[in-house]
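User: Please take a close look at one packing contact in this model. Then place that part in its surroundings, and keep the sentences short.

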Amino acid sequence: MTREVTEVIGETSMGAALLCLGALAWLLGGPHYGMRRARLLLAGGGVVATGPPAPERILAELRRRRERLGAEWWALAAGLVIALLGSSVIPVVAGAAGVPVLRRVRLSRRSRRDGERRADEVIALCGALAGEVRAGRQPGAALLRAARDSGGCGDAHAAVVAAARFGGDVPGALTAAARQPGAEGLLGLAACWRVALDQGAGLAAGLDRLEGALRAERDQRGDLRAQLAGARATAVLLAALPALGLLLGAAMGADPLRVLLHSGAGLGCLAAGAVFEAAGMWWAVRIVRKAEAL
């Protein structure tokens, strides 16, 4: 009997070890690592890595999968935990209702980060283009090289590159690319391009002034965001106070979950508190957004 148990334990340990090794190999190589390598080989582009990806790529892949899953689902998980502790379905419903709200907040933050990244790329594009023009390159060739190095055209990179390479409407392509959030500076680049080609004005000088203006605007936004950091932290702290109160009540033995979820007065207090909490958060966010828009 002991021998059979030992064999079962050994087989289980071996299976668990193989499962862990398989999961590690999948994380290191990614689900489509072989397919990506084959595509690179058939395309004949660049050097193809034969070993596992670098740690930076592993972290980037894990971060991408975590963003795809979405942190808003933690609200539903927290609701399930509180529902089990309080023996009520109300926290599950509240957690499920918070998922779309938190998703909207996450997507808004990601859109803002993408806009800031595009703004930085536009500034880099203006600086690189000015340097290429001063080096003696023609505007079309200079734009091709600067766009390739800086990536400041965003999703419309192919259209701008095609217009510059084949003699198309470069200002029109830049204007279309400026519709992306954060890429509004490309409108100034399109204007500089038109003035330089139509009136023979210096393109490099206009690009220098445009780059300086965009940098000053970015620095102003950064200073305003730093000044509003205290207000944001205060709003987050005030929003977390009800949860802190529940923890303190549980530590004192008052059983606040039972009072809130299983009594009429507690349900009324819970509904009123949720309304006031939502109104306070909405008001704080509205004040901060108005200040950022000034």
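Analyst:
**The α5/α10 contact**

α5 crosses α10 with a left-handed sense. The model is a predicted one. The geometry comes first. The two axes lie 9 Å apart, at an angle of about 155°. An angle over 145° counts as roughly antiparallel, so α5 is roughly antiparallel to α10. α5 covers residues 90-134, and α10 covers residues 203-251.

Now the residues that meet. On the α5 side, the contact includes Glu116, Ala119, Asp120, Val122, Ile123 and Cys126. Further along α5, Gly127, Leu129, Ala130, Val133 and Arg134 also take part. α10 answers with Leu203, Ala204, Leu207, Asp208, Leu210 and Glu211. Leu214, Arg215, Arg218, Arg221 and Arg225 of α10 belong to the contact as well.

What is the make-up of the contact of α5 with α10 in nonpolar, polar and charged residues? Twelve are nonpolar, one is polar and nine are charged. The charged group includes Glu116, Asp120 and Arg134 of α5. From α10, it includes Asp208, Glu211 and Arg215.

Next, the approach to α5. The loop between α4 and α5 holds Ser87 and Ser88. α4 itself spans residues 73-86. Ser87 has a phi near 55°, a positive value in a residue that is not glycine. Most residues other than glycine have a negative phi. Ser87 is exposed, at 58% relative accessible area. Ser88 counts as buried, because its relative accessibility is 15% and the cut-off is under 20%. Beyond its neighbours within four places in sequence, Ser88 touches Ala83, Leu261 and His262. Leu261 is in α11, the helix of residues 256-261.

The loop between α10 and α11 holds Asp255. Asp255 is not a glycine, yet it has a positive phi of about 55°. Its relative accessibility is 38%, so Asp255 counts as partly exposed.

A second helix pair is useful beside α5 and α10. α6, residues 139-150, packs on α7, residues 157-165. Their axes are 8 Å apart, at an angle of about 155°. That angle makes α6 roughly antiparallel to α7. This crossing is left-handed. From α6, the contact is made by Gly140, Leu143, Leu144, Ala147 and Arg148. From α7, His157, Val160, Val161, Ala164 and Arg165 contribute. The residues of the α6/α7 contact split into six nonpolar, two polar and two charged.

Ala173 adds a link to this second pair. Ala173 sits in helix α8, residues 170-177. Is Ala173 buried or exposed? Ala173 is buried, with a relative accessible area of 13%. Outside its neighbours within four places in sequence, Ala173 is in contact with Ala159, Val160 and Ala163. Val160 is also one of the α7 residues that meet α6. The C-alpha atoms of Ala173 and Ala162 are 9.1 Å apart, with their positions eleven residues apart along the chain.

Last, the whole chain. The secondary structure comes to twelve helices and zero strands. Of the 294 residues, 25% count as buried. Take the contacts between residues at least 6 apart in sequence: 54% of them join residues at least 24 apart. The chain exposes about 19,400 Å². Carbon and sulfur atoms supply 66% of that area.

Note on methods
Residues are numbered from 1 along each chain as its sequence is written. This is a predicted model: local features need pLDDT of at least 70, side-chain atom pairs count only at pLDDT 80 or more; totals for chains, interfaces and linings use all residues. Side-chain values use heavy atoms; hydrogens and water are left out. Axes are lines fitted to C-alpha atoms, for helices over the stretch in contact, and angles run from 0 to 180 degrees between N-to-C directions. Helices (H or I, at least four residues) and strands (E, at least two) are DSSP runs, numbered from the N terminus. Angles under 35 degrees count as roughly parallel, over 145 as roughly antiparallel, 65 to 115 as roughly perpendicular and the rest as oblique. A crossing is left-handed if the near helix is turned anticlockwise from the far one by less than a right angle, and right-handed if clockwise. Contact means heavy atoms within 4.5 Å. Buried means under 20% relative accessible area, exposed over 50%, partly exposed in between (1.4 Å probe, protein chains only). Accessible areas come from the Shrake-Rupley method with a 1.4 Å probe; for residues, only the protein chains shown count as cover.
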